[in-house]
Amino acid sequence: MLRKNISISNTHLRIIDPILKKHNGNLSATVREIIDFTGFVVKKFGSIEKAKEELSKENHSNDYYVDSIYGITIPLSMFRWLLKSRDNSNLPIIEEVTQLFMPEPGASTDLESVVKDINEKNSMLKWPLFIKTHIEGDTYIILISGSDTQINKFGAMLLSMYVANLDKPLKLTNVLKLPSSIQLQFVEGNKDDANTAFETFYGKITELSV
């Protein structure tokens, strides 16, 4: 085994800190992983310089695309439903909505935590929506805001369906359309009542009512 002394600045230590933590502070193991990764990069791109050039181009293209009006990501199951909805129901099946909003295992399922998690997912997907919630007496109020009214409607529909099927279902009681947002009002209820209320506002195969 070859042994060499190396000097690393604080700047470079900060860069490799995630890998260092992965190896519980073992610098030798960290350096070996970096060397293995460097070998992979050189094999894939031919040289470090070529890799930097190609990755810089890709990142610039991605940033430009994401910042443009078209830079929105749709999960595969939701994309397939959108393609099919022209011939079938305007409403996705609950399994697809649950898959879209499902929290991490062990995460809290109270409404505030659910909304926070959905906001994080919307941010990752680049959906131009932001959701706020508060409670007034027995009423749960959710405000969905965004620059596109159609996307606001879509987000409100998905969220209404999702909370109607939580372990502690929320029954939709009122929908208020505002210029750049939609306000939803809920009360606690059982799953059957919550889904019946949802269908009253959104229908099954008819055109969306909000």
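Student: Where is Asn 24 found?

Tutor: Asn 24 is in the loop between helix 1 (10–22) and helix 2. Helices here are DSSP runs of H or I with at least four residues, strands are runs of E with at least two, and both are numbered from the N terminus. This is a predicted model, with residues numbered from 1 along each chain as its sequence is written. Local features need pLDDT of at least 70, side-chain atom pairs count only at pLDDT 80 or more, totals for chains, interfaces and linings use all residues, and side-chain values use heavy atoms, with hydrogens and water left out.

Student: Why is Asn 24 called exposed?

Tutor: Its relative accessible area is 74%. Exposed means over 50%, buried under 20%, and partly exposed in between, with a 1.4 Å probe and protein chains only. Therefore Asn 24 counts as exposed.

Student: What is the phi of Asn 24?

Tutor: Asn 24 has a positive phi of about 55 degrees, although it is not a glycine. Most residues other than glycine have a negative phi. Lys 126 also has a positive phi, about 65 degrees, and is not a glycine. Lys 126 sits in the loop between helix 6 and strand 1.

Student: What makes Lys 126 partly exposed?

Tutor: Its relative accessibility is 40%. That value lies between the buried and exposed cut-offs, so Lys 126 is partly exposed. Val 31, in helix 2, is partly exposed too, at 28%. Val 31 and Ile 16 are 15 residues apart in sequence and 9.0 Å apart in space, C-alpha to C-alpha.

Student: How many helices and strands does the protein chain have?

Tutor: The protein chain has eight helices and four strands. From the N terminus, the order is α-α-α-α-α-α-β-β-α-β-β-α. Of its 210 residues, 30% count as buried.

Student: What makes Asn 152 buried?

Tutor: Asn 152 has a relative accessible area of 2%. The value is under 20%, so Asn 152 is buried. Its place is in helix 7. Leaving aside neighbours within four places in sequence, Asn 152 is in contact with eight residues by name: Pro 128, Leu 129, Ile 144, Ser 145, Gly 146, Ser 180, Ser 181 and Ile 182. Contact means heavy atoms within 4.5 Å.

Student: How do you know that Asn 122 is buried?

Tutor: Its relative accessible area is 3%, so Asn 122 falls under the buried cut-off. Asn 122 belongs to helix 6. With neighbours within four places in sequence left aside, its contacts are Trp 127, Leu 129 and Ile 131.

Student: Why is helix 5 called roughly perpendicular to helix 7?

Tutor: Helix 5 (residues 94–101) and helix 7 (residues 149–163) pack at an angle of about 100 degrees, with their axes 10 Å apart. Axes are lines fitted to C-alpha atoms, for helices over the stretch in contact, and angles run from 0 to 180 degrees between N-to-C directions. Angles under 35 degrees are roughly parallel, over 145 roughly antiparallel, 65 to 115 roughly perpendicular, and the rest oblique. So helix 5 is roughly perpendicular to helix 7.

Student: Which residues of helix 5 and helix 7 make the contact?

Tutor: Helix 5 gives Ile 94, Val 97, Thr 98, Leu 100 and Phe 101, and helix 7 gives Leu 158, Leu 159, Met 161 and Tyr 162. By class, the contact has eight nonpolar, one polar and no charged residues. Ala, Val, Leu, Ile, Met, Phe, Trp, Tyr, Cys and Pro count as nonpolar; Asp, Glu, Lys and Arg as charged; the others, Gly among them, as polar.

Student: How many aromatic pairs does a search of the whole structure find?

Tutor: The search finds three. One of them is Phe 37 and Phe 40, tilted, at 6.2 Å centre to centre with 35 degrees between the planes. Rings of Phe, Tyr and Trp (its six-membered ring) pair if their centres lie within 6.5 Å; planes under 30 degrees apart are stacked, over 60 edge-to-face, and the rest tilted. Both residues lie in helix 2 (residues 27–45), three residues apart, about one turn of the helix. Phe 37 is exposed, at 52%.

Student: What makes the pair of Trp 127 and Phe 154 tilted?

Tutor: Its planes are 45 degrees apart, neither under 30 nor over 60. The centres are 6.1 Å apart. The pair links distant parts of the chain, 27 residues apart: Trp 127 in the loop between helix 6 (111–125) and strand 1 (129–136), Phe 154 in helix 7. Trp 127 is buried at 9%, and Phe 154 is buried at 17%.

Student: What lies over the face of Phe 45?

Tutor: Lys 44 does, at 5.8 Å from the ring centre. A charge sits over a ring if NZ of Lys or CZ of Arg is within 6 Å of the ring centre and within 35 degrees of the ring normal.
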